[in-house]
Amino acid sequence: MADNGPPSLDGSCSGDAYARRVSGAWNHNTHYHRTLLSLLPRRGEAALDVGCGDGSFAVALADRYLRVVALDCDPEQANATSNRCARLPQVSVRQDNFLDAQLPAEDFDVVPAPASFHPTPFGVAAERAVPVG
């Protein structure tokens, strides 16, 4: 069976390693992490993880991006992400609402939001996530 997990720091794929890193964290959101990662660039400067939840996707983004900002409005989720990413210096965690946070979209290569944009009117989320011009 092919190993289709997210790439490691050396660019290889390691689904087993990814599964170990997020063990016990499977839910309807983490189920789509591998698919979402396959759609994102393998390398980049910065990523904004909107609605970071427990931080499992921020961990995966940290393998690809030099800087990851993990954002969640829920204090418990932001704390969980802080704990999960404590040994990842490229990840910073903010407790804030995506629509209110002072984070210019042009500062980020990607703005994934695996489970955050669905309750937000599409036009509002798209305008905030994608720089105009």
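The points below concern strand pairing, one helix residue and the nonpolar cores of a predicted model.

1. Strands S2 (residues 65-72) and S3 (residues 91-95) run parallel and are joined by five bridges. Within this pairing, the residue of S3 that stands opposite Asp72 is Gln95. Between S2 and S3 the chain passes through helix H4 (residues 75-84), and the β-α-β crossover that results is right-handed.

2. Helix H4 contains Ala80, and is this residue buried, exposed or partly exposed? The relative accessible area of Ala80 is 27%, and because this value falls between the limits of 20% for buried and 50% for exposed, the residue is classed as partly exposed. As for its position relative to an earlier part of the chain, Ala80 lies 28 residues from Cys52 in sequence, while the C-alpha to C-alpha distance between Ala80 and Cys52 is 9.4 Å.

3. The largest nonpolar core comprises 17 residues, and those with the most contacts inside it are Leu40, Leu61, Tyr65 and Val91. Helix H3 (56-62) and strand S2 each contribute at least two residues to this core, and the largest share, six residues, comes from H3.

4. Leu40 can be followed further through its contacts: once neighbours within four places in sequence are set aside, Leu40 touches Phe57, Leu61, Arg64, Tyr65, Val110 and Pro112. Two of these partners, Leu61 and Tyr65, are also named with Leu40 among the residues with the most contacts inside the largest core.

5. Separate from that core is a second one of eleven residues, which includes Leu48, Val50, Phe98 and Ala113.

Notes: Residues numbered from 1 in each chain as written. Predicted model: local features only at pLDDT ≥ 70, side-chain atom pairs only at ≥ 80, totals over all residues. Heavy atoms only, no water. Pairing = 2+ DSSP bridges. Helix = DSSP H or I, 4+ residues; strand = E, 2+ residues; numbered from the N terminus. Right-handed = clockwise from strand over helix to strand, strands pointing away. Buried < 20%, exposed > 50% of the residue type's maximum accessible area, 1.4 Å probe, protein only. Core = buried A, V, L, I, M, F, W, Y, C linked by side-chain atoms within 4.5 Å. Contact = heavy atoms within 4.5 Å.
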